[in-house]
Amino acid sequence: MKSKIIGAGCYLPSEIVPNSFFEDHRFFDEKGHQLMQDNSTIAKKLTEITGIEERRYAAKDLVASDLGFLAAQQAIKNAQIDPEAIDYIICAQNFGDIPYGTSQSDAVPSLASRIKHHLRIKNNYCVAYDVVFGCPGWLEGMIQAHAMIKAGMAKTCLVIGAETLSRVADVHDRDTMIFSDGAGAVVVQENQGDEGLQSHLSASFTLTQKDYLNFGESYNTEGCSGTKYIKMSGRKIYEFALIHVPQAMKNCLDKSGYKITELSKILIHQANEKMDEEIVNRFYKLYDTAVPEGIMPMIISKLGNSSVATIPTLLTMILNNELPDHAIKKGDIVLFASVGAGMNINAVLYKF
């Protein structure tokens, strides 16, 4: 039995934030020293490395569960199903709901429970819970939904990724320019045919790598309030991803029985354009094969890194014909992959 995507949706926040937004910021390094480069140079280097030119921030009156609800609503409409038929709602998130202007993370009740409430689902046996798995959380939710469908525990699942990273970013850390807000969702249903999830792989590297992404105090030590923000060891994450993600992708593909030449697209977490390109280059090198043109769609230049929302947003935009140079048609073989806090990695091979 396979689990098949029958509907997809996403929510792109309305506030477009260009790199010029950060021109008046005061950036510091991890030792608390103010960076001497002008911010336009910092932004230019950021774009060269990550590809990010602008990003989206959520409206002040919305929180992550609101974004997730709006994406879920679209996915349910696209799937043309009765919400009461959903057996599980799985919401990938990392920081809960954070009201604008506050630093308090709120994840009780779960974001999935809040989204179910917003959807006005009356069925008490529609189970709602969150997945906290770093940026690979949405893909991990897909793997869990597949496992429950395969085990006969569910027939229909709603898998959501929602995050407002802009509200946990340190305005004095240049990495704040990477982060964005957004949400994506899919409806997954059991399928007796050959379409759907073919193979998957997950891993957690925690012995020495668990703190590559963590919560830490502001780099601006003047009058620091003790509030903590998302912090990255960028170089370590980059090197970790290049070593481990291509091999995980290969293991997942080999497990499926499909060949490298049969891949139509690779949908990878939109974390860093250069990093993602090199991950795919190294993946193809494992098969001594050249990277096909147009194999890896990217949306990071306009949407930034919205963590768990990047892959379902990218998928929805392709399925909605919103990316002119990319399409997914019936029979296409697509490899999904992600890496993030934990340090966690996962990959999924899917046939449309």
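This report walks through a sheet, two helices that pack on it, and one histidine in a predicted model.

## The sheet

A good place to start is the open sheet, which is built from 5 strands in the order β1-β7-β6-β4-β5, with mixed pairing. At its edges sit β1 (2-11) and β5 (127-131), each of which pairs on one side only. On average, neighbouring strands of this sheet are turned by 20° against each other, direction ignored.

Look next at β4 (residues 88-92) and β6 (residues 156-164): these two strands run parallel and are joined by 5 bridges. Within this part of the sheet, you can find C91 opposite I160 in β6.

## Helices on the sheet

Helix α3 (residues 111-118) packs on the sheet, where it touches β4, β5 and β6. The direction of α3 makes about 140° with that of β5.

Helix α2 (residues 64-79) lies across β1, β6 and β7 (181-191). Its course runs at about 125° to β1.

## A closer look at H172

Now follow the chain into the loop between β6 and β7, where H172 is found. Is this residue buried or exposed? H172 has a relative accessible area of 18%, so it counts as buried, the cut-off being under 20%.

What does the side chain of H172 meet there? It makes a polar contact with the side chain of N220, at 3.3 Å. A polar atom of the H172 side chain also lies 2.8 Å from the backbone oxygen of R26. Leaving aside neighbours within four places in sequence, H172 is in contact with R26, F27, F28, S218, Y219 and N220.

Methods: Residues are numbered from 1 along each chain as its sequence is written. This is a predicted model: local features need pLDDT of at least 70, side-chain atom pairs count only at pLDDT 80 or more; totals for chains, interfaces and linings use all residues. Side-chain values use heavy atoms; hydrogens and water are left out. Two strands pair if DSSP finds at least two bridges between them. Helices (H or I, at least four residues) and strands (E, at least two) are DSSP runs, numbered from the N terminus. Axes are lines fitted to C-alpha atoms, for helices over the stretch in contact, and angles run from 0 to 180 degrees between N-to-C directions. Contact means heavy atoms within 4.5 Å. Buried means under 20% relative accessible area, exposed over 50%, partly exposed in between (1.4 Å probe, protein chains only). A polar contact is a pair of N or O atoms within 3.5 Å; within protein, one must be able to donate a hydrogen and the other to accept it, and residues adjacent in sequence count only if both atoms are side-chain atoms.
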